[in-house]
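The following questions and answers go through a ligand site and some parts of the chain around it. Please have the sequence and the model open while reading.

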Amino acid sequence: MIGIVGASLAGLTVARTLRSLGVTEPIILVGAEPWLPYDRPPLSKEVITAGDESIAPDPGWATLLTPGEADEFDWRLGVAATGLAPGPVIHTDHGDIPADTVVLATGARARRLPGDVLAGVHTLRTLDDARRLADDLHDARDLVVIGAGFIGAEIASTAAAMGRRVTIVERAADPGAAALGPRLAAWALDLHRRAGVDVVVDAGVADLEAVDGRVRAVRLADGTTIPADVVVVGVGAVAETDWAANSPIAIDGGFLTDAAGATSMPGVWAAGDCARVTAPDAGHAVPHQHWSAAIESARAVAHAVAGHPRPAPRAPYVWSEQHGHRIQICGTMPRGVDPTVVEGSVDDDAFVAVAGDPDRPDAVVAVDMPRPFTRLRKAMDARVAGAVRI
Ligand SMILES: Cc1cc2nc3c(=O)[nH]c(=O)nc-3n(C[C@H](O)[C@H](O)[C@H](O)COP(=O)(O)OP(=O)(O)OC[C@H]3O[C@@H](n4cnc5c(N)ncnc54)[C@H](O)[C@@H]3O)c2cc1C
């Protein structure tokens, strides 16, 4: 029997890949949330515009399952794993599950700020988070988003389109520069400002001001006060490993794995946002807590568990949707490098830019130009696959 802890993107991908490789053993998926696997990217995009009452209680609208697929697996939903023992055995709040093989796919949780427990202060990771945020935003006028990362930027964009007054407060002086390069990061900030979003960079949050336990303003370190009916804390995610903290498994910013996803515990593998690959040739050696990386690491684990050679790795890839534009990035942006625009134009908000040698780019950034982007991404994938010994 194969036990998978975490019934979401990575867990489901492991399970369905095992089946596609001919593995017929029973597969149990243990999930802390009460839902069958649903997709998270819509949560920061179209879902929060809907308003609480319009979000169907069962997230079937964002299901990751294909028709009939749910019947192939044994689901233990609303069940939280609480530890691991050699064997391996999964301890849960509903009893122990002994297994021949265990796969950890518990994802990540939103990082919080100390003391951010006031009403009106949100993080966004789950459907329930999205529902609470949608409900609060419905009646709000002023939203402050703390953090200009992808999820914060998407929430700001969605709320601006809903007519809310939105301010992003960001600690870094040059948010986005690591992913996009300095010049395109400046373009992304300008995109916010043109959409009416105020962006305050190089700014620390000193305090959240409240009236009757509900947030009313964000006070910055320089004394500026920004009114806020709702605050979203978007300061990154932390691998969800706490539940296994007392188990005999190596954890350091994630469950540590080799390139195939094997952890330090015999018979236990890890995939997706909860895993941290230490092998430098893994293709996803740095933590990439993104959709495609979760799929890729899950496929690698399934192949290893089924005794198949590892599938060819792909270049890191992430997309984001902001102010009606689709931003796609593949590869790894070299530090401080400004990618060169090779197609389209930044002034038109539609372009493809490459960093490094144009024939062998280190990274490609595209805005609303999916076709040339896909061509360059395929070429980069082929190079990554060719460079990595499988
Ligand atoms: C709002 C939002 C928008 C995003 N948008 C994009 C995007 O546009 N592009 C992109 O590339 N990526 C995006 N991502 C990232 C992408 O969704 C994640 O990388 C992906 O969901 C990771 O999949 P996972 O299965 O590893 O983890 P998760 O999807 O987090 O799933 C982990 C599951 O494990 C469960 N779990 C946790 N602890 C336990 C336990 N102890 N016992 C049992 N179950 C447990 C959790 O409840 C959860 O259901 C977004 C993420 C969010 C939150």
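Q: How do the residues of the shell around the ligand divide into nonpolar, polar and charged?
A: This is a predicted model, in which local features need pLDDT of at least 70 and side-chain atom pairs count only at pLDDT 80 or more, while totals for chains, interfaces and linings use all residues. Residues are numbered from 1 along each chain as its sequence is written, and side-chain values use heavy atoms, with hydrogens and water left out. Ala, Val, Leu, Ile, Met, Phe, Trp, Tyr, Cys and Pro count as nonpolar, Asp, Glu, Lys and Arg as charged, and the others, Gly among them, as polar. By that grouping, the shell around the ligand holds 19 nonpolar, nine polar and seven charged residues.

Q: Which residues are the closest of the 35 that surround the ligand?
A: A residue is counted here if one of its heavy atoms lies within 4 Å of the ligand. Of the 35 residues that surround the ligand, the closest are Ala10, Glu33, Arg40, Lys45 and Arg125.

Q: Why does the ligand lie between two domains?
A: Domain bounds here come from an automatic or database domain assignment. The ligand lies between the two because residues of its shell are given both by domain 1 (2-33 + 78-109 + 238-305) and by domain 2 (112-235).

Q: What distance separates an oxygen atom of the ligand from an N or O atom in the side chain of Arg40?
A: A polar contact is taken as a pair of N or O atoms within 3.5 Å. Backbone N or O atoms of Ala81 and Trp319 lie 2.8 Å and 3.1 Å, respectively, from a nitrogen atom of the ligand. For the side chain of Arg40 and an oxygen atom of the ligand, the distance is 2.6 Å.

Q: Is Gly147 buried or exposed?
A: Gly147 sits in the loop between strand S10 (142-146) and helix H4, where helices (H or I, at least four residues) and strands (E, at least two) are DSSP runs numbered from the N terminus. Buried means under 20% relative accessible area, exposed over 50% and partly exposed in between, with a 1.4 Å probe and protein chains only. Because its relative accessibility is 7%, Gly147 counts as buried.

Q: Which residues of H6 are buried?
A: Helix H6 (residues 182-194) has 13 residues and reaches 18 Å from its first C-alpha to its last. Its buried residues are Leu184, Ala185, Trp187, Ala188, Leu189, Leu191 and His192.

How values were computed
Expected span 1.5 Å × (residues − 1). Polar contact = N/O pair within 3.5 Å; in protein donor to acceptor, adjacent residues only side chain to side chain.
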